[in-house]
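Me: I would like a close look at one part of this protein, with the surroundings filled in where they help. Could you walk me through it in one go?

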Amino acid sequence: MDTLKRHLPIFGPEGLHELRKIVERFEEKIYSAATSQSDYLRKISLKMLTMETKSFNVATNSLPSNSAGHNKKSLARKKALRSR
């Protein structure tokens with residue numbers, strides 16, 4: 001539930017109630033598909049890891065570049081090469 005809290009906007013008690021319902025459906029779906037306890041745990045872990053990875057990639061891609069000066073120089077070089 002903590003992982004989903006970090007990835008879904010939650011507002012007030014209604015949001016927490018909705019989150020619990022999402023978690024319950026998620027766990028029921030994984031439980032139904034699992035063939036054993038270890039399979040259940042593996043599937044849950046894999047899904048959580050996938051969510052974390054996607055979230056990390058989205059956050060990384062949305063951050064401004066630390067090399068803004070370098071990017072400006074690169075753009076200036078490209079423009080200069082095109083005008084030759």
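Does Tyr 31 count as buried or exposed, and at what relative accessibility? Please start there and then move on to whatever lies around that part.

Reply: Happy to. Please keep in mind that this is a predicted model. Tyr 31 has a relative accessibility of 61%. Since the cut-off for exposed is over 50%, Tyr 31 counts as exposed.

The ring of Tyr 31 has a partner: Tyr 31 and Tyr 40 form an aromatic pair. The geometry is edge-to-face, with 6.1 Å from centre to centre and 80° between the planes. The count of aromatic pairs comes to one.

From Tyr 40 we can step into the nonpolar core, as Tyr 40 is one of the ten residues in the largest such core. Its other members are Leu 4, Leu 19, Val 23, Phe 26, Ile 30, Ala 34, Ile 44, Met 48 and Met 51. Helices α2 (12-33) and α3 (37-62) each supply at least two residues of this core. Ile 44 shows some of the links: leaving aside residues up to four places away in sequence, Ile 44 touches Phe 26, Glu 27 and Ile 30. Of these, Phe 26 and Ile 30 are listed in the core as well.

Now to Asp 39, a residue placed in helix α3. Asp 39 has a relative accessibility of 10%. Because buried means under 20%, Asp 39 counts as buried. Its side chain has polar company: it reaches the backbone nitrogen of Thr 35 at 2.9 Å, and a polar contact of 2.7 Å joins the side chains of Asp 39 and Arg 42. Asp 39 also touches Ala 33 and Ala 34, again not counting residues up to four places away in sequence. Ala 34 brings us back to the core, where it is one of the ten residues.

Stepping back to the whole protein, the secondary structure comes to four helices and zero strands, running α-α-α-α from the N terminus on. Buried residues make up 17% of the 84 residues. The protein exposes about 7200 Å², and carbon and sulfur atoms supply 58% of that area. As for contacts between residues at least 6 apart in sequence, 23% join residues at least 24 apart.

Technical notes
Residues are numbered from 1 along each chain as its sequence is written. This is a predicted model: local features need pLDDT of at least 70, side-chain atom pairs count only at pLDDT 80 or more; totals for chains, interfaces and linings use all residues. Side-chain values use heavy atoms; hydrogens and water are left out. A nonpolar core is a set of buried Ala, Val, Leu, Ile, Met, Phe, Trp, Tyr and Cys residues joined through side-chain atoms within 4.5 Å. Buried means under 20% relative accessible area, exposed over 50%, partly exposed in between (1.4 Å probe, protein chains only). Contact means heavy atoms within 4.5 Å. Rings of Phe, Tyr and Trp (its six-membered ring) pair if their centres lie within 6.5 Å; planes under 30 degrees apart count as stacked, over 60 as edge-to-face and the rest as tilted. A polar contact is a pair of N or O atoms within 3.5 Å; within protein, one must be able to donate a hydrogen and the other to accept it, and residues adjacent in sequence count only if both atoms are side-chain atoms. Accessible areas come from the Shrake-Rupley method with a 1.4 Å probe; for residues, only the protein chains shown count as cover.
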